Amino acid sequence: HPCTFAVPTGNFGNVLAGWYARRMGTPIERFIIGSNTNDILARWVSTGALVSGEVVPTWSPSMDIQVSSNLERLLFELLDRDGSRTAELMLRFRDIGSVEAPRDPSLAAARIDDHETLEVIRDVHERYGYLIDPHTAVGIGAARRAGRDGERIVCLSTAHPAKFPDAVRQATGVEPPIPARLAAALEGEERYERLPNELEAVKGFVSASVS
C-alpha cells in the first residue's frame with residue numbers, strides 16, 4: 001500500500017529524490033514538507049508564490065535557507081523540462097525575491113517554529129523514551145499537522161540528537177549520549193597542514209595525498 005513521507009527540509013534534496021522515485025513507480029502517496037521558521041517552501045506549497053526573506057537562525061540550522069537549488073530541479077520538471085522557462089523564472093526570483101511558481105499535488109507542507117520543535121522533542125521522549133534531534137522534530141511536527149486520517153506516514157530522521165545537545169537538553173532535560181565513533185573523533189588528535197593561498201599549491205597537496 002502507498003505511504004506518505006514526511007521530510008524536514010531546507011534544500012529540498014530528500015524530497016526531490018523521493019519525487020523522482022515516485023515518478024518511477026515507487027508506491028508513495030505524497031510528501032509532507034516540514035519547514036522551520038524559514039518557511040519559504042511551506043508558503044510556496046500553500047500559495048504558489050516563492051517569496052524569499054531574511055534567514056532566521058533556528059534550532060534546526062540545516063534548514064535555515066531561502067533559495068533551494070534542488071527546488072529549481074523540480075520546477076524544471078513542472079515546467080515540462082523547459083530549461084529556458086526555468087532559467088527565466090529563477091532569474092526573476094533571484095532578481096526581485098518573489099515569483100509565482102508551479103506546484104505539484106503530491107506535495108503538502110507545514111511550518112513548525114522553534115517552540116513547537118522543542119515541544120515535539122519533549123513529547124516524543126515522554127511518550128516513547130526516544131530522543132530526536134530538532135530537524136527530525138520538524139518532520140514529525142509537520143506530519144502531525146498535515147497528515148490525513150488513516151494515512152500511513154514515514155518520518156525521515158535526518159540527524160543524531162548528540163549533534164544538537166542544547167536543543168535536546170532544553171526540551172527534555174536529558175544529555176543525549178554521544179555515539180562511540182563520534183566521541184573518538186572529538187577526543188582524537190587534530191592534524192592539519194598550512195598551505196599558501198594558491199590554487200596550484202592546493203592541487204599539489206591533494207595529488208600528493210591521494211597518490
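**Cysteines and overall build of a predicted chain**

C3 is buried, its relative accessible area being 15%. The model in which this cysteine sits is a predicted one, and the surroundings of its sulfur offer a useful way into the structure. C155 takes part in no disulfide, and the nearest cysteine sulfur to its own, that of C3, lies 11 Å away. Seen from the other side, the closest cysteine sulfur to that of C3 is the one in C155, and because the 11 Å between them is too far for a bond, where a disulfide would require two cysteine sulfur atoms within 2.5 Å, C3 is left without a bond to C155. C155, in contrast to the buried C3, counts as partly exposed, with a relative accessibility of 31%. For the structure as a whole, the number of disulfides is 0.

Turning from these residues to the fold, the protein chain contains 9 helices and 6 strands, and its C-alpha atoms fill a box of roughly 50 × 50 × 35 Å when this is taken along the principal axes. Among the contacts in the protein chain with a separation of 6 or more, 68% are accounted for by residues 24 or more positions apart.

Burial and surface can be considered together. Of the 211 residues in the protein chain, 41% count as buried, while the chain exposes about 12200 Å², of which carbon and sulfur atoms supply 51%. As for charge, the protein chain carries 23 positive and 29 negative charges, and the mean positions of these two sets are 5 Å apart.

Key
Residues are numbered from 1 along each chain as its sequence is written. This is a predicted model: local features need pLDDT of at least 70, side-chain atom pairs count only at pLDDT 80 or more; totals for chains, interfaces and linings use all residues. Side-chain values use heavy atoms; hydrogens and water are left out. Helices (H or I, at least four residues) and strands (E, at least two) are DSSP runs, numbered from the N terminus. Buried means under 20% relative accessible area, exposed over 50%, partly exposed in between (1.4 Å probe, protein chains only). Contact means heavy atoms within 4.5 Å. Accessible areas come from the Shrake-Rupley method with a 1.4 Å probe; for residues, only the protein chains shown count as cover. Lys and Arg count as positive and Asp and Glu as negative; His and the chain ends are not counted. The place of a charge is taken as NZ of Lys, CZ of Arg, CG of Asp or CD of Glu.
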